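Q: I have a protein model open and don't quite know how to read it. Could we go through some features together?

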Amino acid sequence: MARPKGTRAAVTGLVAIVVVVALVASGVGLFRWVTTLWVQPPSAPIVRCQALVNSSTADLTQEQARNSSIIAGVAAQRGLVPRAVSIALATAFQESGIRNLDYGDRDSLGIFQQRPSMGWGTAQQVMDPYYATGKFFDVMVTVDGWQSADIGTVAQTVQRSGFPDAYDQHVDQARLLASALSGETPAAWSCVVRNPSGPDPDQLLQALTQAYGPTIQAESTPATPDQPASITLTANTDTIAWSTAAFAQSWASQTGVSAVSVGQFSWLASPTVLSGWIGTPESTQTSTTVVISF
């Protein structure tokens with residue numbers, strides 16, 4: 001395994017904004033509200049993506065966010081609970097900083113610093129985040145009591161690192177991220193989208209399908225003069241729907257995503273702030289439909 005790595009960015013400003021607009025017609029009021037909008041002062045470093053769960057935050061770069069979203073997606077495809085995502089993220093934080101490294105201690109490679117010489121796969125395979133995550137989970141689920149055992153202990157049992165206690169320092173952050181990225185906490189994820197690439201629905205659809213597999217059914221609609229290109233997907237559960245929404249946000253800069261909706265909730269990409277999710281009262285009901293616009 002690689003030497004301990006990992007970092008955490010800090011966010012200096014957090015402003016919670018709740019907007020209430022009352023429209024009264026025939027004595028019936030309709031209230032529109034915004035979940036949370038994180039606004040950073042001009043002097044603050046730009047945080048690319050952030051989880052906000054119960055007033056606690058965890059921050060990632062775009063690269064880390066994409067790799068983390070893959071971990072959450074593969075877990076969903078395998079029917080694993082969010083705790084599995086926490087274990088995998090705590091491990092990846094320590095091993096590579098959740099970066100897909102093409103170097104490491106001896107022949108360690110990838111987000112989990114898996115060693116081809118130790119039977120994890122070929123160098124090309126362990127450099128594939130989808131494959132690497134699947135191999136990690138293959139071993140994790142064989143650990144006795146992984147569902148309730150100490151996260152750092154489970155990570156060490158899988159990795160057999162020379163630094164067995166190092167995973168513990170990442171557990172709290174990993175749990176926050178797992179809650180948002182797995183969809184366990186809805187509307188808890190946002191990304192700043194600066195200088196996005198041109199619209200690439202095909203790339204995002206391929207990534208979503210590879211990560212979530214048969215847990216989603218998705219189709220792409222080409223752009224027209226009146227409508228942007230979009231992907232509409234139906235997830236097996238509302239939790240997976242929220243997870244795919246976070247996945248799309250994490251890939252927004254890479255694929256040109258401009259907006260995401262889950263049922264009646266919507267999110268608009270911003271180049272300057274971590275935009276909040278907007279919804280209406282009936283949107284508190286569960287939904288398995290996600291629309292991604294470019």
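What follows is a short dialogue about strands, helices, salt bridges and burial.

Q: What kind of model is this?
A: It's a predicted model, so keep that in mind as we go.

Q: How do strands hold together in a sheet?
A: Strands of a sheet pair through backbone hydrogen bonds, and they can be parallel or antiparallel. Here, look for an open sheet of 3 strands in the order β4-β3-β5, with antiparallel pairing. The edge strands are β4 (56-60) and β5 (189-191), each pairing on one side only. From one strand to the next, the twist averages 20°.

Q: How many bridges join β3 to β4?
A: There are 5 bridges between β3 (residues 49-53) and β4, and the two strands run antiparallel. To find a spot on screen, try V53, which stands opposite S56 in β4.

Q: Which helix lies across β3, β4 and β5?
A: That's helix α6, residues 171-181. Its direction makes an angle of about 85° with β4.

Q: Where do side chains point in a strand?
A: In a regular strand they alternate between the two faces of the sheet. Strand β9 (residues 265-268) shows this nicely: F265 and W267 point to one face and are buried, while S266 and L268 point to the other and are not.

Q: Which strand pairs with β9?
A: β8 (residues 259-262) does, in the antiparallel sense and over 4 bridges. One of the partner pairs is S261 with S266 in β9. Together β8 and β9 make a hairpin with 2 residues between them, and G263 in the turn has a positive phi of about 60°.

Q: Now for helices. At what angle do α2 and α4 pack?
A: Helix α2 (residues 82-96) and helix α4 (residues 129-140) pack at about 115°, and their axes are 11 Å apart. The crossing of α2 past α4 is right-handed.

Q: Which residues meet there?
A: On the α2 side, click on A84, I87, A88 and T91; on the α4 side, click on F136, F137 and M140. Sorted by class, this contact has 6 nonpolar residues, 1 polar and no charged ones.

Q: Is helix α5 mostly covered or mostly uncovered?
A: Mostly covered: 7 of the 9 residues in α5 (residues 151-159) are buried. The buried ones are I151, G152, V154, A155, Q156, V158 and Q159. What covers them includes α2, α4 and α6.

Q: How many salt bridges does the structure hold?
A: It holds 3. In one of them, the side chains of R78 and D138 meet at 2.7 Å, N to O. This pair links distant parts of the chain, 60 residues apart: R78 sits in the loop between α1 (62-77) and α2, and D138 in helix α4.

Q: Why does R78 count as partly exposed?
A: Because its relative accessibility is 41%, and partly exposed covers what falls between under 20% and over 50%. D138 counts as partly exposed too, at 34%.

Q: What about R115, is it buried or exposed?
A: R115 counts as buried, because its relative accessibility is 13%. R115 forms a salt bridge with D107, with the closest N and O atoms 2.6 Å apart. D107 counts as partly exposed, at 24%.

Q: And which residue does R106 meet in a salt bridge?
A: R106 meets D105, at 3.5 Å, N to O. R106 is exposed, with a relative accessible area of 62%.

Technical notes
Residues numbered from 1 in each chain as written. Predicted model: local features only at pLDDT ≥ 70, side-chain atom pairs only at ≥ 80, totals over all residues. Heavy atoms only, no water. Pairing = 2+ DSSP bridges. Axes fitted to C-alpha atoms, helices over the stretch in contact; angles between N-to-C directions. Contact = heavy atoms within 4.5 Å. Left-handed = near helix turned anticlockwise from the far one by under 90°. Nonpolar A, V, L, I, M, F, W, Y, C, P; charged D, E, K, R; others polar. Salt bridge = Lys/Arg side-chain N within 4 Å of Asp/Glu carboxyl O. Buried < 20%, exposed > 50% of the residue type's maximum accessible area, 1.4 Å probe, protein only.
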